[in-house]
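Reader: Please take me through one part of this structure in detail. I would like to look closely at the interface and then at its surroundings.

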Amino acid sequence: MPTLFQHALLLFVFSASLGATISAFRDEEPRAILRGTVRRGLLFAATVAAFGLLGLLLESQFLRPDS
Amino acid sequence: MTGPELRARVGTAVALSLLLPGLGHIWVARRTRAGLLALLLVEGLFAASLAMTGGAVLDLGFWLHLGRTRLLFLQLPEFANFVGLQCAALFVQSVEMGGRSPVELPWRDLGYSLSAFTGVLSGAVAAHAASSVLVAAHGGSRGLTTPGRAALATFLLPGLGHWLTGRRFKALWFGGWLLGLLCLGLALGDFADFDRARHPYYFAGQALGGVPTLLAYLLVAPRHLTSVPVFLDHGLLYTTCAGLFTMIVAIDAYRRAESDLEKATR
């Protein structure tokens, strides 16, 4: 079972590659591509992490048999 | 020719090409030799893949029924070679139906990957047909890389299409990220990510990576799982997305080359 740190690292790498591809698809200039990669990568990673956190909260508060 | 007329001709060329590779070149772009070459290449490779797998590659798809009537045979990415796939599904019988296991066939892995590659190639031929119509409408390529060639080059190596159109930074950027993602995904999956019989749906996305995926498949295909690697799911996600992203890069290469052509015409 991967640790939380390993999950976070894999999410970070995947978000960066997604951001890099989409930014280079939308822009032509290297500076705009680099800026867009950071912005889109962080936005995607934060969104996925937020969904993960929401899932953890729901699981701990409502979905456990003893809750 | 007006814009809407040109778009309609491009759409017809793409639709005909997806029906039968090369038909768009012959019917719309009036490039008979290129069309026949594309047809022979795609269908020849598809027939070879059927022979190598003893027809077992078709066991990875399924029939769509309406009541008891067979409507369509669905299999990705071979569906882009519509007529070839439907004919094969109707007339080719898998070795498994004859009581043999496809595992006995020595060229089975090459056949599985080659069959998927023909689907991707068929999509690239459709892009080339659309490009041929555009180039003819603009009165020639004016020495520029045509959109179809840029898209085809991307499936050969991610970023090569951008390199040919003079976009060196984007070529290295795309090539580095996509090949890096593919290699990292392979390492995470303990080099057992490419197993079409086990993961046919993932492979539909992985195959879009084009020639690098085909080569990687041939290199690692004999390596089958003895236990499930811890990061197999992550590896499958990475390699599948590397394929899907290659499709995005090919679309970008196509439209940038198209934009160059329009600027040169004005």
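Author: Happy to! Buried area here is the accessible area (1.4 Å probe) that two parts lose on being put together, summed over both. For chain A and chain B that comes to about 1,900 Å², and carbon and sulfur atoms give 77% of it. This is a predicted model, in which local features need pLDDT of at least 70 and side-chain atom pairs count only at pLDDT 80 or more, while totals for chains, interfaces and linings use all residues. Residues are numbered from 1 along each chain as its sequence is written, chains are lettered from A and ligands numbered from 1 in the order in which they are written, and side-chain values use heavy atoms, with hydrogens and water left out.

Let's start with who takes part. Chain A brings 22 residues to the contact and chain B brings 23 residues (contact means heavy atoms within 4.5 Å). Eight residue pairs, both partners at pLDDT 80 or more, are in polar contact across the interface of chain A and chain B. A polar contact is a pair of N or O atoms within 3.5 Å; within protein, one must be able to donate a hydrogen and the other to accept it, and residues adjacent in sequence count only if both atoms are side-chain atoms. On the side of chain A that touches chain B, the elements giving two or more residues are α1 and α2 of chain A. The largest share of that side, 14 residues, comes from α1(A). Helices (H or I, at least four residues) and strands (E, at least two) are DSSP runs, numbered from the N terminus.

Now for the charged pairs. A salt bridge is a side-chain nitrogen of Lys or Arg within 4 Å of a carboxyl oxygen of Asp or Glu. By that rule the structure holds nine salt bridges over all chains, and the count between chain A and chain B is three. One of the bridges joins B:R256 to A:E28, with the closest N and O atoms 3.7 Å apart. B:R256 lies in helix α11 (residues 232–265) of chain B, whereas A:E28 sits in the loop between α1 (4–26) and α2 of chain A, so this pair joins two chains. The partners differ in cover: B:R256 counts as buried at 12% relative accessibility, while A:E28 is partly exposed at 31%. Buried means under 20% relative accessible area, exposed over 50%, and partly exposed in between (1.4 Å probe, protein chains only).

A:E28 has another partner too. Its side chain meets that of B:K170 in a salt bridge, at 3.1 Å from N to O. Following the charges onward, A:E28, B:R167, B:K170, B:D252, B:R255, B:R256 and B:D260 are linked in a network of salt bridges. Within that network, B:R255 and B:D252 pair at 3.4 Å, N to O. Both lie in helix α11 of chain B, three residues apart, which is about one turn of the helix. B:D252 is buried, with a relative accessible area of 0%, but B:R255 is partly exposed at 33%.

Chain B also has a salt bridge between the side chains of B:R196 and B:E78, at 2.9 Å from N to O. This pair links distant parts of the chain, 118 residues apart: B:R196 is in the loop between α8 (168–188) and α9 (200–206) of chain B, and B:E78 is in the loop between β2 (69–74) and α4 (82–91) of chain B. B:R196 and B:E78 are both buried.

These two loops hold some backbone features worth a look. In the loop between β2 and α4 of chain B you will find B:P77, which a cis peptide bond joins to B:L76, with omega about 0°. The loop between α8 and α9 of chain B contains B:D190, whose phi is near 55°, a positive value in a residue other than glycine. B:F191 is found in that loop between α8 and α9 of chain B, and has a positive phi of about 60° although it is not a glycine. B:D190 is partly exposed, with a relative accessible area of 36%, and B:F191 is partly exposed at 36%.

Finally, back on chain A, helix α2 (residues 30–63) includes A:L58. A:L58 is partly exposed, with a relative accessible area of 40%, and together with A:F51, A:L54, A:F62 and A:L63 it forms a nonpolar patch on the surface with about 600 Å² of accessible area. Patches are made of residues with over 30% relative accessible area and no salt bridge: like charges are joined within 9 Å, nonpolar side chains (Val, Leu, Ile, Met, Phe, Trp, Tyr) within 5 Å. Accessible areas come from the Shrake-Rupley method with a 1.4 Å probe; for residues, only the protein chains shown count as cover.
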